[in-house]
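Let's walk through this one from the chain contact inwards. Keep the structure open beside the text.

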Protein chains: 2
Amino acid sequence: MRMAEVSAKFELSQDTLRYYERIGLIPPVNRNNNGIREYNEDNLRWVEFIKCMRSAGLPIEALIEYVNLFQQGDCTLSARKDLLIEQREQLRLRIEEMVQTMGRLDSKIENYGQSLHETEKALSRS
Amino acid sequence: MRMAEVSAKFELSQDTLRYYERIGLIPPVNRNNNGIREYNEDNLRWVEFIKCMRSAGLPIEALIEYVNLFQQGDCTLSARKDLLIEQREQLRLRIEEMVQTMGRLDSKIENYGQSLHETEKALSRS
DNA sequence: TCTTGACTTGGAGTTCACTCCAGGTGGTAG
DNA sequence: CTACCACCTGGAGTGAACTCCAAGTCAAGA
């Protein structure tokens, strides 16, 4: 699969795909004999995985490290696992904070609801 | 309360506090007759609120709009409520996505666990 | 054969959200 | 009186994460 198709499939610009590859956020993509990238199944899985992890806010640094470890083969299995565990924990904390904040928004909305209710009462009295 | 103390209290740099005020992310803070900011209870509540909302990823744009509406008084109550409802929904979606991603990390970690288990078996066979 | 279009590269440019800086003011301590 | 300190302003600088650009290659179609 070529850039254009991958770009459309994952809604990442071609520039972003090249950028990710350049900084090592995805492993190097195979080229045909004209130097043009031909994404195979593995490449596509990486792109999708990285896009998902970035959307969830995982730091680029950590993901580059993960890709590096991956490319070093099986001797890095436990290091990769540790990295994922650490990132999972960070993600959990962020989610927890966001859930708190959502609760706070709920209360605020609730209060506005009451205010509006007062307004309605005022209106219905008039 | 002066900048230095507010800065320490909320762990926001003095530059950031001034920046937030400049772009309208918090309403103008009262000044003494030397032009120096004196944060009152209201100001502090705004700083804390904005810090919390920014940490949860609410867009600066939306928060500026919220502050603007607030400063226009009670006639904007329902607009403010709508804005909060919209942002709450966006936040909910982000959280949902992140929870999905966390689940995915869990599976991956689980798989690494199995891999290590295989390794251990290999080791124990040797 | 010429053009078109999808790709290549290295490097420059952009945006966001701060962060820093130079030059200045006012109040207090020695 | 001088020094110092915390604050002020407008504006420039920074780092992250893209995003754009110019110049070039290759293959397929008119």
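## Where the two chains meet

Between them, chain A and chain B bury about 3,400 Å², with 76% of it on carbon and sulfur atoms; buried area here is the accessible area (1.4 Å probe) that two parts lose on being put together, summed over both. This is a predicted model, where local features need pLDDT of at least 70, side-chain atom pairs count only at pLDDT 80 or more, and totals for chains, interfaces and linings use all residues. Residues are numbered from 1 along each chain as its sequence is written, chains are lettered from A and ligands numbered from 1 in the order in which they are written, and side-chain values use heavy atoms, with hydrogens and water left out.

On each side, 34 residues from chain A and 34 residues from chain B take part in the contact, contact meaning heavy atoms within 4.5 Å. As for charges, there are four salt bridges between chain A and chain B, counted when a side-chain nitrogen of Lys or Arg is within 4 Å of a carboxyl oxygen of Asp or Glu. One salt bridge pairs Arg88(B) with Asp106(A), and their closest N and O atoms are 2.5 Å apart.

Polar contacts come next: eight residue pairs across the interface of chain A and chain B qualify, both residues at pLDDT 80 or more. The rule asks for a pair of N or O atoms within 3.5 Å; within protein, one must be able to donate a hydrogen and the other to accept it, and residues adjacent in sequence count only if both atoms are side-chain atoms.

Which helices of chain A each supply at least two residues of the side that touches chain B? They are helix 3 (41-55) and helix 5 (77-125). Helix 5 of chain A brings the largest share of that side, 26 residues. Sorted by class, the side of chain A that touches chain B holds 18 nonpolar, six polar and ten charged residues. For the classes, Ala, Val, Leu, Ile, Met, Phe, Trp, Tyr, Cys and Pro count as nonpolar, Asp, Glu, Lys and Arg as charged, and the others, Gly among them, as polar.

## Inside chain A

Chain A has five helices and zero strands, and its elements run α-α-α-α-α from the N terminus on. Helices (H or I, at least four residues) and strands (E, at least two) are DSSP runs, numbered from the N terminus. Of the 126 residues in chain A, 37% are buried, that is, under 20% relative accessible area, with exposed being over 50% and partly exposed in between (1.4 Å probe, protein chains only). Among the contacts in chain A with a separation of 6 or more, 45% come from residues 24 or more positions apart.

The domain assignment splits chain A into domain 1 (1-71) and domain 2 (74-126); such bounds come from an automatic or database domain assignment. Nine residues of domain 1 of chain A touch eight residues of domain 2 of chain A. Those two domains bury about 820 Å² between them, 72% of it on carbon and sulfur atoms. On the domain 1 side, Leu58(A), Tyr66(A) and Leu69(A) lose the most area to domain 2 of chain A, together 58% of what that side buries. Salt bridges between domain 1 and domain 2 of chain A number zero, while three residue pairs, both at pLDDT 80 or more, are in polar contact across that interface. The side of domain 1 of chain A that touches domain 2 is made of seven nonpolar residues, one polar and one charged.

## A few residues to click on

| Residue | Place | Relative accessibility |
|---|---|---|
| Leu63(B) | helix 4 (60-71) of chain B | 3%, buried |
| Thr101(B) | helix 5 (77-125) of chain B | 2%, buried |
| Glu11(A) | loop between helix 1 (3-10) and helix 2 (14-22) of chain A | 69%, exposed |
| Glu11(B) | loop between helix 1 (3-10) and helix 2 (14-22) of chain B | 69%, exposed |

Leaving aside neighbours within four places in sequence, Leu63(B) is in contact with Leu25(B), Ile50(B), Met53(B), Arg54(B) and Leu58(B). Leu63(B) also sits 9.0 Å from Leu83(B), C-alpha to C-alpha, with their positions 20 residues apart in sequence. Thr101(B), with the same neighbours-within-four-places exclusion, is in contact with Cys52(A), Met53(A), Ala56(A) and Leu91(A).

Now for the backbone. Most residues other than glycine have a negative phi. Glu11(A) is not a glycine, yet has a positive phi of about 55°. Glu11(B), not a glycine either, has a positive phi of about 55°.
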